[in-house]
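The following note is offered to a colleague meeting this structure for the first time. Please read the points alongside the sequence and the model.

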Amino acid sequence: MSHLIGPHLATLHQVSKDKTRLPDSHFSKAVCSSDNPTIPNPDIFKNLDGSRKDQLPTTAQCAVHLELLEAFHALRVSVIGSSGLDKTFGLAPKTKTVYRRTYVSRLRKYVNEPTKIKDSGWEEERRKKWPRYLDFAAERFVEWAKKIDSLMAKRASQTDSDGSPSSKLHEAQLPCLPPLDILMLKDNKIEPSLCDYLEDLGKAKGLDSPPNEASEGAEPVAAVSIKSPHQSAFLSSLIANVTRQLVFVDKMHGHLWIRSPALPGTLDRAVERYDNYLELFRLYPGKMLVPTLDIDLVWHTHQLSAHDYKTAMKSRCGRFINHDDKLGKPTLDTGMENTQELYQVHFGQMYSICLCWDCEAVVSALEAYDDDDTRELTDPLADKVSNQVLRDVQYYKAVEIARRRGDTLLPVPR
Ligand SMILES: [Zn+2]
């Protein structure tokens, strides 16, 4: 159906861009919170354990991964914005009082009035909590990994009744999910317990709330140092990996496909495009191929299943393909140009495409239109599709705006 997309996309994108701003009152609000819409539709996460015959990740796996990346983004926002953690790390805005000559008409003269000046560097200062938070998370990850290793070693030493190594070993699963900060380190990912713990440390200083039972009578805890300790090379490289990974998290948050009306279509197409992308690796050994953002999501998702990834790469591309995220911009730009050319020649489709909600909803609508056998050939395609796209995108945007505002009652579809 890709032949349909090109000529229509540009016009429709324009149409939808022009008309996407609607007054807030356009949609009515849910009457009670149980009427609130659930976005994304939970069906997208179904069949998580299903696997595709062609060894590629499923849409459900990509959706879960996207949701998890969104949780990392939210974690960082909450760490940076936490005033509890400001106290833990002994951070406070440096307000200055200056005296300004002001004319007071009541006194009919100039007086020097004290004025408080805001600390302009405060927001920047607060961001320092994040790298420090990562330090703690990295240490916790190492401890967690040691425990899991010993648990797995114990299971490996177990034998079946006939004395052979346990046949259930490959089914061994983590007894429970680690907290979010540890998961974040592992993904190179649901309870941000480290954040709570550190905030409690700040409270123990008696800064925030009355001492609770545990801290009563105990020595007051000094603020935790904001300075990073000297780290082992291993910890530093672990943290550097996570920091690079967070650039990816920001990009995913920027596109916010997880709350887009076109989510299922975007993910389906991304897996298809990733399939093609791997084909290029097979055809051009030694060429540097750069993924687009949607393909990159599927690639990252695939790598989360390390064993499956390795097997799939061997059989599909003939070798293991390492995802190097340390390349500089000039190298990436040239690689992107080459990949684009090869992709278009081989698959007759655009490689670098706009992946915004509007464009993705247009493509999904065109696909649905194309699959619809009941349609009349004379249907005014552009009108029909652009109207549906407008409705969907406007509605999803309205819900997202209300959610960010913290509304308890969200807009409902008309
Ligand atoms: Zn677009």
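1. Helix H12 covers residues 329-347, and its 19 residues should span 27 Å at 1.5 Å a residue; the end C-alpha atoms lie 26 Å apart, which agrees. Just after this helix, Gly 348 adopts a positive phi of about 60°. The reader should bear in mind that the model is a predicted one.

2. Helix H5 invites the corresponding check on its length. This helix runs over residues 129-157 and contains 29 residues. From its first C-alpha to its last it reaches 42 Å, close to the 42 Å expected at 1.5 Å a residue. The buried residues of H5 are Lys 129, Arg 132, Tyr 133, Leu 134, Ala 137, Ala 138 and Phe 141.

3. Strands S1 (residues 96-104) and S2 (residues 109-117) may be considered together. They run antiparallel and are joined by nine bridges. In one of these pairings, Lys 96 has Ile 117 of S2 as its bridge partner. The two strands form a hairpin with four residues between them, and in the turn Arg 108 has a positive phi of about 55°.

4. Is S1 buried, or does it lie largely in the open? The number of buried residues among its nine is zero, so the strand lies largely in the open. As background, side chains in a regular strand alternate between the two faces of the sheet.

5. The packing of helix H2 (residues 59-81) against helix H10 (residues 293-303) also merits attention: their axes come within 9 Å and cross at roughly 95°. An angle from 65 to 115 degrees counts as roughly perpendicular, and H2 is therefore roughly perpendicular to H10. On the H2 side the contact is made by Gln 61, Cys 62, His 65 and Leu 66, and on the H10 side by Leu 297, Val 298, His 300 and Thr 301. Sorted by class, this contact comprises four nonpolar and four polar residues, with no charged ones.

6. The final point concerns Ile 44, which is found in the loop between helix H1 (2-19) and H2. Ile 44 has 18 C-beta neighbours inside 10 Å and therefore counts as partly exposed; 20 or more would be needed for a residue to be buried. Leaving aside neighbours within four places in sequence, Ile 44 is in contact with Thr 59, Ala 60, Ala 63, Leu 263 and Pro 264. Ile 44 and Val 64 are 20 residues apart in sequence, while their C-alpha atoms are 8.7 Å apart in space.

Terms used: Residues numbered from 1 in each chain as written. Predicted model: local features only at pLDDT ≥ 70, side-chain atom pairs only at ≥ 80, totals over all residues. Expected span 1.5 Å × (residues − 1). Buried ≥ 20, exposed ≤ 12 C-beta atoms within 10 Å, placed from the backbone. Pairing = 2+ DSSP bridges. Axes fitted to C-alpha atoms, helices over the stretch in contact; angles between N-to-C directions. Parallel < 35°, antiparallel > 145°, perpendicular 65-115°, else oblique. Contact = placed C-beta atoms within 7 Å. Nonpolar A, V, L, I, M, F, W, Y, C, P; charged D, E, K, R; others polar.
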